[in-house]
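Me: I've got a structure open and I'd like to go through how some of its labels are earned. Can you take my questions as they come?

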Number of protein chains: 2
Amino acid sequence: MPLIDLLPSDAPLLPFAAGKVIFAQGDPGDVMYVVVEGQAQIMIDGKMLETVRSGGILGEMALIDAGPRSATAIAKTQCVLVPIDEKRFADLVGRRPEFALHVMRVLANRLRRMDAEH
Amino acid sequence: MPLIDLLPSDAPLLPFAAGKVIFAQGDPGDVMYVVVEGQAQIMIDGKMLETVRSGGILGEMALIDAGPRSATAIAKTQCVLVPIDEKRFADLVGRRPEFALHVMRVLANRLRRMDAEH
C-alpha cells in the first residue's frame, strides 16, 4: 500500500516553494514528512545525497533517535508535505506495520548506498 | 523493554564458537539475529564496523530489503543468538511496535555513524 494511503485523512498539508529549506542539518527536529507532491533534495555537508519524490519520506532520523537533523532538506520543486509528529509516528508504527517496514526499508536503502560509497 | 524480553519463549538458541562466521557479506540471507549472550563483530570489506553485544541485533538489513548480506558477522566471543526469520520478523513488527522502533534506532544509529565518517 502506498505510504500516502496510510496517512490520516485529517493530516495537514504543508506547501513549500521551490528552493525553500524544509529543515537544516544540525537543527533540532521532532517531525518527519511524507512527500505528497513535488520533490525534495537531501544534502549532507553540502553534498547532494538523494532526491525524495512523491510517496517518499524525509526527516525520519531525528524522529527515531531524537538527535539533531542528520541532513538538510530543500524543496527541489514546489512541493507539498504531510508532517508526522512523534504522536502520529508512534500511532502509525503501532497500528500500521507496513508503515514501520517502509521506514526500515528507507533506512536500509540509505545504509546500502553509503556502504557502496565507502 | 529489552529486546530479549520480546522474543517468543519457544525461540531457538544458536551457539557460535569464538571466531566462527555467522554470515558473510554478499551471501543471500533471510534471517536476522538477536544476541542473547556474548559479542559479535560486524565488518564491511574487512573493516571493523561495530561490536554487537547482548540485546543487540545483526543481519536485519537482508531481512528488511531482501538484498544480500551487507556485512560479515563473526562471533567475537563464544555467543548465543536467537534467529528471527521473515515470519517471526513480520509477526514482531505487527504485534510489538517497540521491536520495530528498536530496529529503526539501530539503523538510524548506523547511518549517523557512517555520515560522521564521510
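Me: How do you know how many cavities of 30 Å³ or more there are?
Reply: This is a predicted model, and a search of the whole structure finds one cavity at that cut-off. Its volume is about 200 Å³.

Me: What makes that a cavity rather than a pocket?
Reply: A 1.4 Å probe fits in a cavity but cannot get out, whereas a pocket is an open set of points. The space of about 200 Å³ is listed as a cavity, so by that definition the probe is shut in.

Me: Which residues line the largest cavity closest to its centre?
Reply: Ile42(B), Met61(B), Ser70(B), Ala71(B) and Arg110(B), out of 18 lining residues. Helix 3 of chain B gives the largest share, four residues. Helix 3 of chain A also supplies at least two, as do strand 4 and helix 1 of chain B.

Me: What classes of residue make up that lining?
Reply: There are 10 nonpolar, two polar and six charged residues.

Me: Now helix 2 of chain A. Why say its buried residues line one face?
Reply: The buried ones are Phe89(A), Leu92(A) and Val93(A), each under the 20% cut-off for relative accessible area. Down the helix axis they fall within an arc of 95°, so they line one face.

Me: Which exposed residues does the face turned away carry?
Reply: Lys87(A) and Arg95(A). Exposed means over 50% relative accessible area, so both pass that mark.

Me: What do the buried residues of helix 2 pack against?
Reply: Strand 3, helix 1, strand 8 and helix 3 of chain A, together with helix 3 of chain B.

Key: Residues numbered from 1 in each chain as written. Chains lettered and ligands numbered in written order. Predicted model: local features only at pLDDT ≥ 70, side-chain atom pairs only at ≥ 80, totals over all residues. Heavy atoms only, no water. 1 Å grid on protein atoms, 1.4 Å probe; cavity = no way out; pocket = protein on both sides within 12 Å on 5 of 7 lines; lining within 4 Å. Points joined across faces, edges and corners; volume = space filled by probe spheres on them. Nonpolar A, V, L, I, M, F, W, Y, C, P; charged D, E, K, R; others polar. Buried < 20%, exposed > 50% of the residue type's maximum accessible area, 1.4 Å probe, protein only. Arc of directions from axis to C-beta. Contact = heavy atoms within 4.5 Å.
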